[in-house]
Each structure stands twice: as C-alpha cells, then as structure tokens.
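Work through the exercises below with the sequence and the coordinates open. Each task is followed by a solution in steps.

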Amino acid sequence: STTSAMGDTDSTALTTLGLANTAVVGPKREEVLELLAVTHGIILPILITWGVLINGFCLVVVDRPVLNKWHFNKYVKLLALVDMLGCLASAPAVICQRICYFSNYTVAFYYTHFGWTLVLLFRSYSVITILWMSYDRVLAIWNFQMFQRATKPEAFRRRLMFTILFGIIATLPCMAGGRVEETECTECDDDFDDDIDLWISKEAPSIHGQDLWFKVYLLLILIGHSVSLFILLALSVGLVVGLIKKRYENRPSAKKRRQFHHTITVLIINATYAFFNIPYMLVIIRLQGLPEEKVHCTYTIRIERLAAIGTCFLMLWHSANTLIIFIVNKDYRNEVKVVLSMIPCLRRYCIVYRDERSNSSLDTNTTAEFTLRHSMPVTTFPVLGASSMPLRAQSVIS
C-alpha cells in the first residue's frame, strides 16, 4: 500500500511536469520502481542539493580579494563551478530516469539529447580541471620558470577554450545519436487518457550500440579516461617525490606553507577522483552496447542498481572536491570564517582573523585586525608585535 500511495503521488507530480508515468509494467518493473523511489526519489535529491549548496558557497568564498591573487584559486573557482553545474544538470536527468513515457515532446527531447550527456560533459570538465591543477603543481615544484609562464592570463584562457571544446567534441556523438519516438502506452492503467500523445526516449547507446563507429567511439572514450587516470598517477608521483625532496625549502616561509598546502590538496583530490570515478566508469561500460530497441525504462534491476550506485558516487565526488579544499587549506578556512561571520545568527560563534596585507603569518610591523566574537564584544587591536597583544589574541594567531 505504501508503494501504491507513492506511485499515485509520483504520477500526479509527473503529470504536472508534462510527463506520463506507467502504473504497472510487470513484477520486474515494480522492483525497479521501488529501487528508484529510494535512490532517485530520496538519496540523489539530497546529494544533488548538497552538491549545489556546497559548491555555490565555495564560489562565494573563493571570490574573496585575498584569494583572488593566487593562480591556484582560478582553478578552484573553475572546479567548483563545473561541479555545481554537474549537480544541477543531474537533477532533470534523475527525475526523468523514472519515466517510461513522456507526454511532452520538449521534455523527452531534452532527456534524450542532453539529460545524462550534460552530466558526463561537466564530469569531463572536472577531470580536465584536475589535470591542469596537477600539472601546475608539478611545474611549481620542478620547473618554476615554466610555472610562471603557465600563470599568465593568456595561458589560462587557452586552457579554458581547449577544455570547453574538447568536452563538447567528446560528448557530441551521445548528444546527437539519440532519438525521440511517438508511441502508445500498452502497459498503462485502463483509466489512462488515450488521447494524450506519448513519447519514448531512445538514447545513443541503445540505438548505435552495435554499430562499428559507436564501438570505436566508446573505445576512444575509455582510452581517454584510462590515459587521464595514468597521467594523474604520474603527476601525483612527481608531486610526492617533490615533497620528499623538499623542493619548497628555498622559498619564503609563507609561500612555502601555501604551496605545500596546495600540493597536498591536489594529491587528495586525485586520490578522491580514483576512488569515486573508477566505479562510475565501470557502470558506464556496463550500460554500453545494449541490445537495439532497449529504452531506459526497460533496464533490468541489476543495471538500474549499478547505475544508481554510480550516480551516487558521482554526486559525492562533485561535493568532495570543495570539502577537501576547505579542510586542507588554512587560508580558505579563514575566508570561510569571514563569510560566515557576515551571517548575523553565526557571527557570535565565529573567530575571524584577517590580515588585509597578505593573509599570511604575522610579522612584527604589520597592522592586523582581529575580530574576536565568542561571547564577548568586538575588539580591534593595532598590532606592532605579538608580545604587545592580550594573551587571548596571541592564541588565535598561533
């Protein structure tokens, strides 16, 4: 009865969105609907919402003037943006995944050509962004002159254009290879309105899965992902060796600390990519080469379960990158406190330290502003040396 009530609610909501839902398609489809009611109705919406919020908050934090002067921050912005767009693009795909028949051609067209394809597109942008971040970290350790050339604005613009064009070209066959067909619902309830035009979505893998050109395309995609994983592994090894050899030791202390934190951040992000995305790619491989005439609402419970697990991993990955950046980097954590202190209900619980000159460790002739809010009024200390400050303010610096 609970499943029946849930199905009635879904049917009403989906009809409002211009979609048609089937009530009974057989016992196997009932198992699939129960699975999707949990994964696509509860778990994935929570993960998508969390991913949009955390990456949107990251975009606000990284736009602070203190962070904008760093080259590393450009790629943090780009990574947060594509991760947020990836979460947003997955929302309509997750909704339409539960639908067999569409009563609106526009919705069916969007799902067929852009639904999961956009999700894969933004995923590829995230991977390429991580590759650029890792490459720059290696240059910063092993060849600082090349790193300085890579930090120029025109170099960043060239990389950005390459990333955009490469992602579009890589996903274009999936975008263009799908097809929307008009059909009749033979499995619908007797009270279903037969006058409503219905459409089914046939995505590119189900249409061209047996074609030679599509098999070559899939092979190239898999090779590309394998090569990107191998490159990330090689770059990570170079970063680890550079840290072991202490290649940062001949630089100023503040810059050395910052470069070290950026390198550790990239290493953890690379490891997270391997953990979350390898299972996702295995799911994608399993979904390819489906027999012709297979549409998404006729997948078996095993395929749907694998797809749901892979999508959950992908959404977790889109939010994990931002959390890693906030947790590892002290400079980013400081700016998080600054942003949170602007919210009235959180202001009294935030202890904010901000050095407007460099946001780095304090030296003897720096005038710093310390805003201490923790059950006490605001206090501003003009500082000439750490020893002239009250004991509580000194503890904040350390």
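Buried here means under 20% relative accessible area, exposed means over 50%, and partly exposed lies in between. The model is predicted.

**Exercise 1. Classify S228 by its accessibility, and list its contacts outside the local sequence.**

Solution.
- Step 1: S228 is located in helix α9.
- Step 2: The relative accessibility of S228 is 7%, so S228 counts as buried.
- Step 3: With residues up to four places away in sequence left out, S228 touches V127, L131 and Y273.

**Exercise 2. Describe the overall make-up of the protein: secondary structure, burial and surface.**

Solution.
- Step 1: The secondary structure amounts to 14 helices and six strands.
- Step 2: The protein has 398 residues, and 48% of them count as buried.
- Step 3: Its accessible surface is about 19,900 Å², with 66% belonging to carbon and sulfur atoms.
- Step 4: Take the contacts between residues at least 6 apart in sequence; 73% of these join residues at least 24 apart.

**Exercise 3. Compare the UniProt record for "transmembrane region" with the model over residues 75-95 and 216-244.**

Solution.
- Step 1: The unreviewed UniProt entry lists residues 42-63, 75-95, 115-135, 156-173, 216-244, 264-287 and 307-328 under this heading.
- Step 2: Residues 75-95 are 100% helix and 0% strand in the model, and the end C-alpha atoms of this span lie 31 Å apart.
- Step 3: Residues 216-244 are also 100% helix and 0% strand, with 42 Å between the end C-alpha atoms.

**Exercise 4. Which elements give two or more residues to the largest nonpolar core, and which gives the most?**

Solution.
- Step 1: The largest nonpolar core has 65 residues, and the members that touch the most others are V76, F102, M133, I269, M315, W317 and Y332.
- Step 2: Two or more residues come from each of α2 (27-62), α4 (71-96), α5 (105-142), α7 (153-177), α9 (212-244), α10 (253-287), α11 (301-328) and α12 (330-341).
- Step 3: The most comes from α5, with 16 residues.
- Step 4: A second, separate core has five residues, among them C174, A204, F214 and L218.

**Exercise 5. Trace the contacts around M133 and V266.**

Solution.
- Step 1: Leaving aside neighbours within four places in sequence, M133 is in contact with F72, Y75, V76, L79, V266 and I269.
- Step 2: V266 belongs to helix α10.
- Step 3: V266 is buried because its relative accessibility is 2%.
- Step 4: Not counting residues up to four places away, V266 touches F72, M133, S134, R137 and L239.
- Step 5: V266 and S134 are 132 residues apart along the chain, yet their C-alpha atoms are separated by 6.2 Å.

**Exercise 6. Which residues make the nonpolar surface patch of about 780 Å²?**

Solution.
- Step 1: The patch is made by L212, V216, L219, L220, I223, V227, F230 and I231.
- Step 2: One of these, L219, has its place in helix α9.

**Exercise 7. Which residues pair in salt bridges with D63, R64 and K202, and are the partners buried or partly exposed?**

Solution.
- Step 1: Side chains of opposite charge can pair when their charged atoms come close. A salt bridge is counted when a side-chain nitrogen of Lys or Arg is within 4 Å of a carboxyl oxygen of Asp or Glu. The count comes to six salt bridges.
- Step 2: D63 pairs with K77, the closest N and O atoms being 3.1 Å apart. D63 is in the loop between α2 and α3 (65-68), and K77, 14 residues apart from it, is in helix α4. D63 is partly exposed at 45% relative accessibility, and K77 is partly exposed at 25%.
- Step 3: R64 pairs with E335, with 3.0 Å between the closest N and O atoms. R64 lies in the loop between α2 and α3 and E335 in helix α12, so this pair ties together parts 271 residues apart in sequence. R64 and E335 are both buried.
- Step 4: K202 pairs with E181 at 3.2 Å, N to O. K202 lies in strand β4 (residues 198-202) and E181 in strand β3 (residues 179-183), so the pair ties together parts 21 residues apart in sequence. K202 is buried, with a relative accessible area of 5%, whereas E181 is partly exposed at 24%.
- Step 5: R179, E181 and K202 are linked in a network of salt bridges.

Methods: Residues numbered from 1 in each chain as written. Predicted model: local features only at pLDDT ≥ 70, side-chain atom pairs only at ≥ 80, totals over all residues. Heavy atoms only, no water. UniProt positions renumbered as here; feature names shortened; annotations may be inferred. Helix = DSSP H or I, 4+ residues; strand = E, 2+ residues; numbered from the N terminus. Core = buried A, V, L, I, M, F, W, Y, C linked by side-chain atoms within 4.5 Å. Buried < 20%, exposed > 50% of the residue type's maximum accessible area, 1.4 Å probe, protein only. Contact = heavy atoms within 4.5 Å. Patch = residues over 30% accessible without salt bridge, like charges linked within 9 Å, V, L, I, M, F, W, Y side chains within 5 Å. Areas by Shrake-Rupley, 256 points an atom, 1.4 Å probe, with all protein chains shown as cover.
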